[in-house]
Amino acid sequence: MPRTSDLTVFITSGDSRCDECREDLSRHAWIKLEGDHRALCLACADLDHLVFLPRGDAALTRRARKHSRLSAVVVKWSRARKRYERQGLLVEDDALATAEAESEADAATRAARRERAQVRRLELDQAYVARFAARIRELYPHCPADREIAIAEHACRKYSGRVGRTRAAQDLEQDAVRLAVIAHIRHAQTPYDDLLLQGWDRHEARAQVRDAVDAVLRDWAA
Ligand SMILES: [Zn+2]
């Protein structure tokens, strides 16, 4: 399977703003830098579907990276040491699950896995997930069963920590919900990720799958 080289995601020290969606990002936001010093939030950079694996387990990290088609090294500037330091890796959910299964034999890995699962659950604001899911079901009544929960959990995870929950997302405005659903459809039901991996520009790739995304949206809304 062809793979691009690892991307780098920076944890900012000060306040910043996404140069694409113009969203103000909180301190310690996670960003990707593009040409001309443009900073993109993880949602605009199409990396927000990846899960974070903190550094510390070299074998697990190696396996997760091997199984993930797309991965990003997360770094933070250390003022004391005057250099960027690796914090961990962003990988695909499935890749982490496979890597964990391969590492199962090891008791320490099992314990660490339980701990990570626990942390990820705690990250979620369950009341918000329930409200978000209900709103998806209301706007897209023909969305497959339980899919609204997966989309809502993802949106909640995204808006809670790394990106900062926007006003629109907080109020569950139709546009914010629609964007979350579109992002899900793009990754889950179109060849969008494959196009990116083949080196397509994000905007061209989005244009390429737009009709396919619209068709699914219409089916779910009808
Ligand atoms: Zn953005």
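In the next few minutes I will walk you through the sheet in this structure and the helix that lies across part of it. Please keep in mind throughout that what we are looking at is a predicted model.

Let me begin with the overall layout, which is an open sheet of six strands with mixed pairing, and whose order reads β5-β4-β1-β7-β8-β6. At the edges we find β5, residues 38–41, and β6, residues 51–54, each of which pairs on one side only. If you step from one strand to the next, the twist averages 40°.

As a reminder for anyone new to sheets, strands pair through backbone hydrogen bonds, and they may do so either parallel or antiparallel. Strand β1, residues 7–11, is a good place to see this, as β1 pairs with β7, residues 72–78, in the parallel sense over five bridges, and within that pairing V9 has V74 as its bridge partner. Toward β4, residues 30–34, β1 runs antiparallel and is joined by two bridges, with W30 of β4 serving as the bridge partner of I11.

Finally, turning to the helix, α1 spans residues 58–67 and lies across β6 and β8, where β8 covers residues 83–91, and the helix runs at about 60° to β8.

Definitions and conventions:
Residues numbered from 1 in each chain as written. Predicted model: local features only at pLDDT ≥ 70, side-chain atom pairs only at ≥ 80, totals over all residues. Pairing = 2+ DSSP bridges. Helix = DSSP H or I, 4+ residues; strand = E, 2+ residues; numbered from the N terminus. Axes fitted to C-alpha atoms, helices over the stretch in contact; angles between N-to-C directions. Contact = placed C-beta atoms within 7 Å.
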